[in-house]
Amino acid sequence: KEACWTVSNITAGDHVQIQSVIDANLIPPLIELVKTAEFDIRKEASWALSNLTSGGTQQQIKYLVQQGCIRPLCELLMQPDTK
């Protein structure tokens, strides 16, 4: 959970910082966490991905979509937050 939070802080940065997350190949594991982890971890991983869409370039956002983030994010929206 804390690792996802840390990555979400990086993806909340500028496009250079976002590119460092992409170059470190962290997007596929984040997407996997959104699909399969416990709810609180899924939520933190989704923040990391959504922050990328705010500060990322069109090419970076396209990469995110090509990695398959849309379906897991939509499925997460259907999950109730029980806390």
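## A buried arginine

Arg42 is buried, with a relative accessible area of 11%. That figure falls under the 20% cut-off, so Arg42 counts as buried. The structure here is a predicted model. Arg42 sits in helix α4.

What does Arg42 touch, leaving out residues up to four places away in sequence? Its partners are Leu33, Val34, Lys35, Ala37, Leu76 and Gln79. His15 lies elsewhere: the C-alpha atoms of Arg42 and His15 are separated by 23 Å. Along the chain, these two residues are 27 residues apart.

## The chain as a whole

The chain has 6 helices and 0 strands. Read along the sequence, its pattern is α-α-α-α-α-α. The radius of gyration is 12 Å, close to the 12 Å from the globule rule for 83 residues, so the chain is as compact as a globular protein of that length. The C-alpha trace spans about 35 × 25 × 20 Å along its principal axes.

How much of the chain counts as buried? The share is 31% of the 83 residues. The chain exposes about 5,300 Å². Carbon and sulfur atoms supply 56% of that area.

Contacts also link distant parts of the sequence. Take the contacts with a separation of 6 or more: residues 24 or more positions apart account for 67% of them. As for charge, the chain has 7 positive and 9 negative charges. The mean positions of these two groups are 6 Å apart.

## The nonpolar core

In soluble globular proteins, nonpolar side chains tend to be buried together. The largest nonpolar core in this chain has 16 residues. Which residues have the most contacts inside it? They are Ile27, Leu30, Leu49, Leu52 and Leu64. The elements that give two or more residues to this core are α1, α2 (15-23), α3 (27-36) and α4 (39-55).

Ile27 shows how the sequence comes together here. Not counting residues up to four places away in sequence, Ile27 touches Val21, Ile22, Leu49, Leu52, Tyr63, Leu64 and Gln67. Leu49, Leu52 and Leu64 are also on the list of residues with the most contacts inside the core.

## Ser8 in the first helix

Ser8 lies in helix α1, residues 2-11. Is Ser8 buried or exposed? Ser8 is buried, because its relative accessible area is 5% and the cut-off for buried is under 20%. Leaving aside its neighbours within four places in sequence, Ser8 is in contact with Glu44, Trp47, Ala48 and Asn51. Those four positions fall within α4, which covers 39-55.

## Lys35, a partner of Arg42

Lys35 is found in helix α3. Its relative accessibility is 44%, so Lys35 counts as partly exposed. Which residues does Lys35 contact beyond its neighbours within four places in sequence? Lys35 is in contact with Arg42 and Pro72. Its partner Arg42, by contrast, is buried.

Lys35 and Ser8 are 27 residues apart along the chain. Their C-alpha atoms are separated by 17 Å.

## Asn25 and its positive phi

Asn25 is in the loop between α2 and α3. Its phi is near 60°, a positive value in a residue other than glycine. Most residues other than glycine have a negative phi. Asn25 is partly exposed, with a relative accessible area of 46%.

## Helices α5 and α6

Ile61 is found in helix α5, residues 58-66. Ile61 is partly exposed, with a relative accessible area of 26%. Buried means under 20%, so Ile61 does not count as buried. Not counting residues up to four places away in sequence, Ile61 touches Leu52, Thr53 and Gly56. Among these, Leu52 is one of the residues with the most contacts inside the largest nonpolar core. The C-alpha atoms of Ile61 and Leu49 are separated by 9.4 Å. These two residues are 12 residues apart along the chain.

Arg71 lies in helix α6, residues 70-77. How accessible is Arg71? The value is 62%, so Arg71 counts as exposed. The C-alpha atoms of Arg71 and Ile18 are separated by 21 Å. Along the chain, Arg71 and Ile18 are 53 residues apart. The two arginines described here differ: Arg71 is exposed, whereas Arg42 is buried.

Note on methods. Residues are numbered from 1 along each chain as its sequence is written. This is a predicted model: local features need pLDDT of at least 70, side-chain atom pairs count only at pLDDT 80 or more; totals for chains, interfaces and linings use all residues. Side-chain values use heavy atoms; hydrogens and water are left out. Buried means under 20% relative accessible area, exposed over 50%, partly exposed in between (1.4 Å probe, protein chains only). Contact means heavy atoms within 4.5 Å. A nonpolar core is a set of buried Ala, Val, Leu, Ile, Met, Phe, Trp, Tyr and Cys residues joined through side-chain atoms within 4.5 Å. The radius of gyration is taken over C-alpha atoms; the globule rule is 2.2 Å times the number of residues to the power 0.38. Accessible areas come from the Shrake-Rupley method with a 1.4 Å probe; for residues, only the protein chains shown count as cover. Lys and Arg count as positive and Asp and Glu as negative; His and the chain ends are not counted. The place of a charge is taken as NZ of Lys, CZ of Arg, CG of Asp or CD of Glu.
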